[in-house]
Amino acid sequence: MTCGLFQILMISFFHLIELSSQQETRFVYETFRGQENLYLDGSATVLPSGLLQLTNALHHQMAHVFYKESIGLSSSRQLSFSTHFVCALVPQPGVEGGHGMAFVVSPSMDFSHAESTRYLGIFNVSKNGSPSSHVLAVELDTIWNPDFEDIDHNHVGIDVNSPLSVGIASASYYSDIKGKNESINLLSGNPLQVWVDYEGNMLNVSMAPCEVQKPSRPLLSQHINLSDIFPNRRLFVGFSAATGTAISYHYILSWSFSTSRGSLQRLDISRLPEVPHPRSEHKNLSPLFIVLLGFLAIMGFCTLTGMYFFRRSKYAEVTEAWEEEFGAHRFSYKSLYKATKGLTRMDFLEEEVLEKSTEEISFQTEK
Ligand SMILES: *[C@@H]1O[C@H](CO)[C@@H](O)[C@H](O)[C@H]1NC(C)=O
Ligand SMILES: *[C@@H]1O[C@H](CO)[C@@H](O)[C@H](O)[C@H]1NC(C)=O
Ligand SMILES: *[C@@H]1O[C@H](CO)[C@@H](O)[C@H](O)[C@H]1NC(C)=O
Ligand SMILES: *[C@@H]1O[C@H](CO)[C@@H](O)[C@H](O)[C@H]1NC(C)=O
């Protein structure tokens with residue numbers, strides 16, 4: 001009897017573990033080769049190196065990548081999640097970089113109504129703040145849109161159902177070593193780490209360059225009730241990116257996600273795939289280089305003309321008064337040189353005999 005009860009208890013105990021592990025979603029992509037469990041649309045593609053490329057350098061593109069399985073959360077549990085990803089925004093040389101990318105939480109993977117450019121593939125003109133939008137995005141925005149109340153062209157924002165961010169800050173990180181904020185250039189093309197943590201109605205966003213640990217202070221910390229935004233608690237997580245006339249390559253290098261903060265798997269930052277950097281088609285010359293090149297050209301020209309006139313004046317033959325009457329009776333220095341079998345001018349000066357015997361010869365005395 002007691003044995004039977006124990007068995008029932010044991011079975012229900014294991015059943016509970018199974019249930020709770022079902023509710024917990026946890027995954028890590030150190031490479032995107034194989035594309036398991038990923039939904040890709042638009043320009044999104046996985047490169048042979050294992051990089052996830054959202055957009056390439058074409059105009060007006062959109063891309064979405066989602067983890068295919070929804071993160072179902074039971075109504076009894078508080079909604080929470082943690083994610084850590086490494087991305088790179090690489091502009092095309094000589095072209096304005098844009099528009100940016102975002103980490104997205106949505107009850108649907110269908111973004112066919114969304115628009116590219118400043119809507120980042122998430123929003124559209126009419127989808128402006130309507131609670132029926134049901135979307136949360138953490139944007140890395142590289143274009144300054146005053147009508148979305150953007151603060152600059154290099155910012156991070158938290159968007160709830162609207163491209164008008166509820167929380168916004170210039171891209172930077174708190175350096176624990178220096179004890180101050182350090183700015184980050186989103187369009188440097190270098191890999192960037194981003195962390196998004198949600199727990200107890202607080203959404204924190206942190207970022208840092210790859211060589212830096214997660215900062216102790218988040219860049220953005222926003223009070224948000226996700227249960228309000230997503231009443232049906234069946235959510236997809238992923239990324240969106242878009243270009244316009246401004247274009248950037250948007251890459252995800254690696255991605256870790258968990259619905260429980262404690263079990264978020266670490267990313268091995270030392271083993272990230274290489275980010276390709278596009279070569280400029282027509283080399284962009286810096287103004288300094290152009291000035292230097294011009295200076296060198298002028299210097300070269302001056303030297304050449306200087307040498308020409310120097311040589312000309314050195315070997316110039318002076319016409320003397322008597323010659324004008326009787327016509328020139330002169331030998332060129334060259335023919336004299338040949339005739340004397342290589343005696344130099346100095347030899348002439350030294351050898352008086354020669355000088356006297358050739359009265360007709362005139363030459364310019366050395367100065
Ligand atoms: C904007 O998106 C919503 C769906 O989210 C759609 O119903 C609406 O038609 C779209 N508007 C435009 C102008 O595309
Ligand atoms: C968010 O940041 C605040 C301030 O640093 C911290 O107290 C809180 O625990 C953080 N929450 C999450 C979910 O990371
Ligand atoms: C650093 O950045 C954070 C987030 O943008 C801001 O709240 C804080 O005031 C900044 N600190 C300093 C010292 O500038
Ligand atoms: C968050 O929103 C849900 C649904 O609207 C509500 O039941 C809950 O009390 C809210 N939580 C807080 C802390 O406001």
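Strands are DSSP runs of E of at least two residues, numbered from the N terminus. The model discussed here is predicted.

Student: In which loop is Thr-117 found?

Tutor: Thr-117 is not a glycine, yet its phi is positive, at about 50°. As for its place in the chain, Thr-117 belongs to the loop between β8 and β9 (136–141).

Student: What is the relative accessible area of His-60, and is this residue buried, partly exposed or exposed?

Tutor: His-60 sits in the loop between β4 (52–55) and β5 (62–67), and its phi, near 50°, is positive in a residue other than glycine. Buried means under 20% relative accessible area and exposed means over 50%, with partly exposed in between. His-60 is therefore partly exposed, since its relative accessible area is 48%.

Student: What is the omega of the peptide bond from Gly-98 to His-99?

Tutor: His-99 is located in the loop between β7 (81–91) and β8 (100–106). The peptide bond that leads to His-99 from Gly-98 is cis, and its omega is near -5°.

Student: How many nonpolar, polar and charged residues does the shell around ligand 4 have?

Tutor: Around ligand 4 are Asn-201, Asn-225, Ser-227 and Asp-228. Asp counts as charged, whereas Asn and Ser fall among the polar residues. By class, the shell therefore has no nonpolar, 3 polar and 1 charged residues.

Student: What percentage of the area that ligand 4 exposes when taken alone does the protein bury?

Tutor: An N or O atom in the side chain of Asn-225 is 2.2 Å from an oxygen atom of ligand 4. For Asp-228, a polar side-chain atom lies 2.3 Å from an oxygen atom of ligand 4. Taken alone, ligand 4 exposes 360 Å², and the share of this that the protein buries is 35%.

Technical notes: Residues numbered from 1 in each chain as written. Chains lettered and ligands numbered in written order. Predicted model: local features only at pLDDT ≥ 70, side-chain atom pairs only at ≥ 80, totals over all residues. Heavy atoms only, no water. Near = heavy atom within 4 Å. Polar contact = N/O pair within 3.5 Å; in protein donor to acceptor, adjacent residues only side chain to side chain. Areas by Shrake-Rupley, 256 points an atom, 1.4 Å probe, with all protein chains shown as cover. Helix = DSSP H or I, 4+ residues; strand = E, 2+ residues; numbered from the N terminus. Buried < 20%, exposed > 50% of the residue type's maximum accessible area, 1.4 Å probe, protein only.
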